[in-house]
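Subject: Handing over a structure, with notes on what was found

Dear colleague,

I am passing the structure below on to you, and my notes follow it. Please read them with the model open beside you.

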Amino acid sequence: KNVGSYSSLKGYSFNIGFYKPLRKTNGLMLGAMVRNTQTGSTPGDGYSEAYFFNFITAGVALKYYPFENVNFFAKADYGLAAVLTKNRFINEEGGQNFFHQFGIGSGGSVGVGYSFLPFKDKSKSLDAQILYQQLSTRVEVNGIGDDQWKFGALNFTVALSF
């Protein structure tokens, strides 16, 4: 049925990870990253449908400082991805219904950033980053069957590194 446009988009991303320097390659660090990205919308134009997506990734991560005396870095991660969805709609009797779906696949991100050192302890930094995240999951959709869902997001983040 016609549900109108989803003009009230919102979302956020929370990431936690760790890196350990590799001794054989100066500036290269290996670790792990877990990301949780939540997006959702309520429709415009007075329609009653809304949706919410929860994307989760966990995988191997790399961070690389290519220049010895410059705090510029590149980073990437790749691993398992899952999507959980909830679609809220009003049925023909005027009652509220929820439709849930789950998908699993793979995903990762690439990005660049700069580490600012405002603290007395120079092992701590504030990292300003631009990251592009891409996921591909297989979702079982009622009435359709298997469906391939792709999700991409450009994130501007600030991270505390210690």
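I begin with Tyr19, which is partly exposed, with a relative accessible area of 22%; here buried means under 20% relative accessible area, exposed means over 50%, and partly exposed lies in between, with a 1.4 Å probe and protein chains only. Please keep in mind that this is a predicted model, in which local features need pLDDT of at least 70 and side-chain atom pairs count only at pLDDT 80 or more, while totals for chains, interfaces and linings use all residues. Residues are numbered from 1 along each chain as its sequence is written, and side-chain values use heavy atoms, with hydrogens and water left out.

Tyr19 is found in strand β1, where helices (H or I, at least four residues) and strands (E, at least two) are DSSP runs numbered from the N terminus. Not counting residues up to four places away in sequence, Tyr19 touches Met29, Leu30, Gly31, Met33, Ala61, Leu62, Lys63 and Lys75, a contact being heavy atoms within 4.5 Å. The C-alpha atoms of Tyr19 and Val60 are separated by 9.8 Å, although these residues stand 41 residues apart along the chain.

As for the chain as a whole, the protein has 0 helices and 7 strands, and its elements run β-β-β-β-β-β-β from the N terminus on. Of the 162 residues in the protein chain, 33% are buried. Among contacts with a separation of 6 or more, 56% join residues that are 24 or more positions apart.

Tyr19 also leads to the largest pocket, since it is listed with Lys63, Tyr65, Asp127 and Ser161 as lying nearest the centre of that pocket, which is lined by 39 residues. A pocket is found on a 1 Å grid over the protein atoms alone, as an open set of points where a 1.4 Å probe fits, with protein on both sides within 12 Å along at least five of seven lines, and lining residues have an atom within 4 Å of a point. About 970 Å³ of space lies in this pocket, a volume being the space filled by probe spheres set on the points, which are joined across faces, edges and corners. At least two lining residues come from each of β1 (8-21), β2 (28-42), β3 (50-64), β6 and β7, and β1 gives the largest share, 8 residues. By class, the lining has 20 nonpolar, 13 polar and 6 charged residues, where Ala, Val, Leu, Ile, Met, Phe, Trp, Tyr, Cys and Pro count as nonpolar, Asp, Glu, Lys and Arg as charged, and the others, Gly among them, as polar.

Which residues make up the largest nonpolar core? The core has 9 residues in all, namely Phe55, Ala81, Val83, Leu135, Val139, Val141, Trp149, Phe151 and Ala153; such a core is a set of buried Ala, Val, Leu, Ile, Met, Phe, Trp, Tyr and Cys residues joined through side-chain atoms within 4.5 Å. Two or more residues of this core come from each of β4 (72-90), β6 (125-141) and β7 (145-161). In soluble globular proteins, nonpolar side chains tend to be buried together.

One member of the core, Ala81, has its place in strand β4 and is buried, with a relative accessible area of 0%. Ala81 and Leu135 are 54 residues apart in sequence, yet 6.6 Å apart in space from C-alpha to C-alpha. Another member, Phe55, is in contact with Val83, Leu135 and Phe151, among others, once its neighbours within four places in sequence are left aside.

Two buried serines are also worth a look. Ser109, in strand β5 (residues 96-116), is buried at a relative accessible area of 5%, and its side chain makes a polar contact of 2.9 Å with that of Arg35 and another of 2.5 Å with that of Asp77. A polar contact is a pair of N or O atoms within 3.5 Å; within protein, one must be able to donate a hydrogen and the other to accept it, and residues adjacent in sequence count only if both atoms are side-chain atoms. Ser125, in strand β6, counts as buried at 7% relative accessibility, and a polar contact of 2.9 Å joins its side chain to that of Asp127.

With best wishes
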